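Hi everyone, thanks for making time for this. I'd like to walk you through one structure, with an eye on charged side chains and strand pairing. Have a look at it first, and then we'll go through it together.

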Amino acid sequence: MVGLCILLGAVPAFGEPGRSQSEFPVATDARLEQQGDIVKLTMALSTVIDVEAWVQAAPDRVIVEMPSTNFQIQPGARKTAGFIGAYRYGLFTADKARIIIDLSQPAAIAKAEVRALRGGLGELVIELRKTGRAEFLAEAAKARKPNVTAALPTPAKPTGEARRTIVIDPGHGGIDPGTLVASIAEKSVVLNFGLALKQQLEASGRYRVVMTRDDDRFVSLGDRVKIGQDEKADLFISIHADSLTQAQDVRGATVYTRSERATDAEAARLAAKENQADAVAGLETSEEVQDVAGILIDLARRETRTFSGVFARNLVEKMGASVRMHKIPLRSARFWVLSAPDVPSVLIELGYMSSPKDAELLTSAEWRGKAVGAVGAAVDEYFARERASVGQAAENRHAP
């Protein structure tokens, strides 16, 4: 994921509730130039805005933060120059956007400003100069900022709500595109799928559905987990799409659950990639450790993983009857987003965007309808079995 200059496309970007993309400042005409030890990135802006920039180490990058911005950067914009390996941009929170510049060598910020031009226009200018490692690390330590993001506001669960709560988690978003193949961004594919699944589940009237994001914004991994816990979700379904650039013949959907040890090397690779989502957006990434212990929490975690496994097997069965599955359709690994000890959670990789056939299907409304129907059927069966087991337990208690 790191090392891609991405273009925001298929899914429109939204910031604060009630604000449309047309209200944001517009950034166009990106230019990347090198002059000796200086590399300069400029963008034309529709208005003058405030910007802030700082450096961050491990991985080495420059982070530029600004108000929510509508990036309309030309497809042929230069992506690398000198010690700049790539840059990417997009929404970071509801009211902020970021440009993240990946560095192949240490660099210092010589200039970070927006110049006022005629007619109320502006020009963003970021000048970087090559520097030594010691100076770079000193600047990174001085500029270290806390991990602060704003999760998508969710309505409080009404008192007396009897419906099951399901949290749908479209992966990536905003400045984090996820897998990017040609003009297709994973963040757009999974958001379209998540919105379609929400619509189907709500149509039945049996479920209350909460989205971790319902537009093109970034949501940190910790916030995604927190939404599931705060909503006291009965199920948490994270949606993603994978890519294997060296194996374009690998195809099919896969269902993952959480485990401390991965079932295989491929599952471990994917978990490591997905767990870097925060780092892609410029956050320092480290999985939060639950500061709880004792037999009760351990039992709760075991019970949750049992429920997750039951639902995952339902998913494989239902999806396998409707869409193509990977040859190993059920796997597990240490996914951060599935870490809530009290919420049954699964992660669905819809397919491989590196496969031309899968990529075609992932953007097909017909395929999406089949896959969404299969996931919905798995949800229904999961809760039907739960009701049946509760009913059987009650009968056993009252049996003579």
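**A hairpin, and the charges around it**

Let's begin with a turn: in the hairpin of S3 and S4, which has four residues between the strands, Ala58 takes a positive phi near 55°. Before I go on, please keep in mind that this is a predicted model.

The two strands of that hairpin, S3 (residues 52-56) and S4, run antiparallel and are joined by five bridges. If you want a place to click, Val55 stands opposite Val62 in S4.

S4 has another partner too. Seven bridges join S4 to S7, and this pair also runs antiparallel. Here Glu65 stands opposite Arg98 in S7. How many of the residues in S4 are buried? Six of its seven, so to speak a mostly covered strand.

Stay with Glu65 for a moment. Which side chain does Glu65 meet in a salt bridge? That would be Lys96, with an N to O distance of 3.5 Å. The two come from distant parts of the chain: Lys96 sits in strand S7 (residues 96-103) and Glu65 in strand S4 (residues 61-67), 31 residues apart. Are the two ends buried or exposed by the 20% cut-off? Glu65 has 11% relative accessibility, which is under 20%, and therefore counts as buried. Lys96, at a relative accessible area of 34%, is partly exposed, because that value falls between 20% and 50%.

That salt bridge has plenty of company, as the structure holds 29 of them. Let me show you a few others.

Asp242 pairs with Lys273, the closest N and O atoms being 3.1 Å apart. Again distant parts of the chain are linked: Asp242 is in strand S14 and Lys273 in helix H4 (residues 265-274), 31 residues apart. Both ends fall under the 20% cut-off and so count as buried: Asp242 has a relative accessible area of 1%, and Lys273 has 17% relative accessibility.

Next comes Arg164, which forms a salt bridge with Asp234; the closest N and O atoms are 3.2 Å apart. Arg164 lies in strand S10 (residues 164-170), while Asp234 is in the loop between helix H3 (221-230) and strand S14 (235-242), so this pair ties together parts that are 70 residues apart in sequence. Arg164 has a relative accessible area of 30% and is partly exposed.

Salt bridges can also join up into groups. Asp29, Arg31, Glu113, Arg115 and Glu123 are linked in a network of them.

My last stop is Arg129, in strand S9 (residues 122-130). Arg129 counts as partly exposed, at 33% relative accessibility. Which side chain makes a polar contact with the side chain of Arg129? Glu135 does, at 3.0 Å. Leaving aside residues up to four places away in sequence, Arg129 touches Asp37, Ile38, Phe83, Pro106, Ala107, Ala108, Ala110 and Glu135. Arg129 and Gln35 are 94 residues apart in sequence, yet their C-alpha atoms are 9.7 Å apart in space.

To recap with two pictures: S4 is joined to S3 by five bridges and to S7 by seven, and the side chains of Glu65 and Lys96 meet in a salt bridge. Thanks for listening, and I'm happy to take questions.

Technical notes: Residues numbered from 1 in each chain as written. Predicted model: local features only at pLDDT ≥ 70, side-chain atom pairs only at ≥ 80, totals over all residues. Heavy atoms only, no water. Salt bridge = Lys/Arg side-chain N within 4 Å of Asp/Glu carboxyl O. Buried < 20%, exposed > 50% of the residue type's maximum accessible area, 1.4 Å probe, protein only. Contact = heavy atoms within 4.5 Å. Polar contact = N/O pair within 3.5 Å; in protein donor to acceptor, adjacent residues only side chain to side chain. Pairing = 2+ DSSP bridges.
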